[in-house]
Every structure is written in structure tokens, then in C-alpha cells.
Amino acid sequence: MKKALAFLLFLLFLLLAWLAWGWYKDTVVCCEEETEPPVAVQYGPLIFDCGTDGVITNDLWPDKKQEILAARIEGKKLLLVAPYFEGEEASQGIARAQKVKALFTELTPEDIVVEARPVGDCEATRENMLHELRYKWVTRNDDVIELYDRTAILYRYDSDQEIVTPAVDAFSKEIAEFLQETGDKIQLTGHTDSDGEDDYNMELGLLRANEYKDHLMSLGVPEAQIEVSSKGESEPTVPNDTPENKQRNRRVTVQIIE
């Protein structure tokens, strides 16, 4: 009797062991979670080497460059605004822009202007289009200075009258047509040089902004799309140490805000 009971217990042990092995084999050995292969990161036509500041292009760059060149507007210059990343100086952004400038052999050096702008981490932004490089065809002459996100219209000394030239007229008509087509709003900010008292310059800056507002309205821009303000002499673009620099600071800046 004891032998029969021992034999049955042995058979039960074998059965349990077989069932346990089957469970282990089905749930652990053969069904371990598969890891997906890493997804290859796709970069745009141009990126910057974060270690050397070099410019890296791929087979997409020729088409992108032709797209930029095809958008050229007669009389305008190509503005290249390159990034400088966390922990860097603006000069490093300018150096990057100069390297991109060298890729446009179809243009003369005078046809290209360069600037820099702050951006976040270099590695984290590599997947962004052109690695945060910005470009735009802009007006640059003695009376209109167009930046990437705003434009400066220069004004006469101690006056609320802009310097009227064909270049100013052409830009004013262009921005007026753009605003009427898009319905965007703009901010007009009046600025002065450092001559005169602060209060006077603040008032003069506002007079200049309102004068240019009237100019745009005469070209068909609704008043509701235009906001005005003044910074007086508080935000010079260059030091007020020469007559030429003072001329550059007597301006109204035009910036799209919506």
C-alpha cells in the first residue's frame, strides 16, 4: 500500500513538473519581449556639426538650394540667419552663416548678408529644418533695412517724415499688399537717436510710428491691423557715435505680430 501511494505521488510530481515546464517554455523562454530595432533619424538637407561648427549637407541640399535661389526677388539680398547654441557666443552663429554663405556660389558676396540668433541645444535641434538656419530675401539699402522678423524704415533728423525714395515706396506697397492679402496685424515702433531729451524722443518716436501708420492706411491697410508704440532713444541698433549711426537709429520698425 505504501509503495503504491509513493508511486502515485511520484507520478503526480512528474505531472506537475511537466506542466510547470510547459508554462515556463510558453511564457518565458519562447515569448520574451522583442525589442524593436532603433529608428534611423532622418535629417534635413543641411545640419551643423556640433563638435566643429562645420556645415554638413546631403543629397537633398542641391534641390533645397535651387528652391531658395528660385525665390529670389530682383533687387533683394539673401539673408542667412544661423543659430548659436547654448553656451555659445553670437560670433559662432555668424561663423556658421558665413560657411553656409560659401555654398551659394551662384551669388556674389554682396548679394548675401548674414546674422545670428540664439537657439537651444545643438544636438536636440538637429532634426529641425535646416538645423534652425533661417533664410529670407530682404531689402537692404540706405533707407530700408529688412531683418528676418522686422524691417526698419529710416527717418529724417528731428522729423516725423520718413526718407522717401523708390526703395521705401516699393517696400511700403509690398507690405501693404501682404497685409491686405493675409489680414495679419503689425506692430509699428518708433525710434530716435540720442539727441534731445528722453520725453521728447519718446514723443517723436510715437509721431514717427503714427506717420507710417497713416502711410500704410493710405495704401489700403485697415487701421485695425496696425498697432503703434514708441521706444524713443532706448533701443539703438548701433551706438549713437557718428552721424551715420544716428541716421540708422532714426527709424520705425515694422513687425508682423499675427
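Let me start with the lining of the largest pocket, whose residues divide by class into 9 nonpolar, 2 polar and 6 charged, where Ala, Val, Leu, Ile, Met, Phe, Trp, Tyr, Cys and Pro count as nonpolar, Asp, Glu, Lys and Arg as charged, and the others, Gly among them, as polar. Before going on, I should say that this is a predicted model, in which local features need pLDDT of at least 70 and side-chain atom pairs count only at pLDDT 80 or more, while totals for chains, interfaces and linings use all residues. Residues are numbered from 1 along each chain as its sequence is written, and side-chain values use heavy atoms, with hydrogens and water left out.

Back to the pocket. The space in the largest pocket comes to about 340 Å³, and among its 17 lining residues K136, E146, E174, I175 and I256 are the closest to the centre. Two or more lining residues come from each of β5, α4 (166-182) and β10 (251-256), and α4 gives the most, with 4 residues. As for terms, a pocket is found on a 1 Å grid over the protein atoms alone, as an open set of points where a 1.4 Å probe fits, with protein on both sides within 12 Å along at least five of seven lines, and lining residues have an atom within 4 Å of a point. Grid points are joined across faces, edges and corners, and the volume is the space filled by probe spheres set on the points. Helices (H or I, at least four residues) and strands (E, at least two) are DSSP runs, numbered from the N terminus.

The second largest pocket has a volume of about 290 Å³. Its lining has 14 residues, and L147, R150, T237, R251 and T253 lie nearest its centre. By class there are 3 nonpolar, 6 polar and 5 charged residues in this lining, and β8 (186-191) and β10 each supply at least two of them.

β10 also leads us to a sheet. Here 5 strands form an open sheet with mixed pairing, in the order β6-β7-β10-β8-β9, where two strands pair if DSSP finds at least two bridges between them. At the edges stand β6 (144-146) and β9 (226-232), each with a single partner strand, so one side of each is left without a neighbour in the sheet. Direction ignored, neighbouring strands of this sheet are turned by 20° against each other on average, with axes being lines fitted to C-alpha atoms, for helices over the stretch in contact, and angles running from 0 to 180 degrees between N-to-C directions.

β8 and β10 pair in the antiparallel sense over 6 bridges, and H191 stands opposite R251 in β10. α4 packs on this sheet, touching β6, β7 (151-154), β8 and β10, and its direction makes about 45° with that of β6; contact here means heavy atoms within 4.5 Å. Helix α5 (residues 198-218) packs on the sheet as well, touching β7, β8, β9 and β10, at about 155° to the direction of β9. β7 and β10 run antiparallel and are joined by 4 bridges, and L154 stands opposite R251 in β10.

There is another open sheet, in which 3 strands follow the order β4-β3-β5 with mixed pairing. Its edge strands are β4 (112-118) and β5 (134-138), each pairing on one side only, and the twist averages 25° from one strand to the next. Helix α2 (residues 61-70) packs on this sheet, touching β3 and β5.

Which aromatic contacts does the structure hold? It holds 1 aromatic pair. The rings of W61 and F104 have centres 5.8 Å apart and planes at 80°, so the pair is edge-to-face; rings of Phe, Tyr and Trp (its six-membered ring) pair if their centres lie within 6.5 Å, with planes under 30 degrees apart counted as stacked, over 60 as edge-to-face and the rest as tilted.
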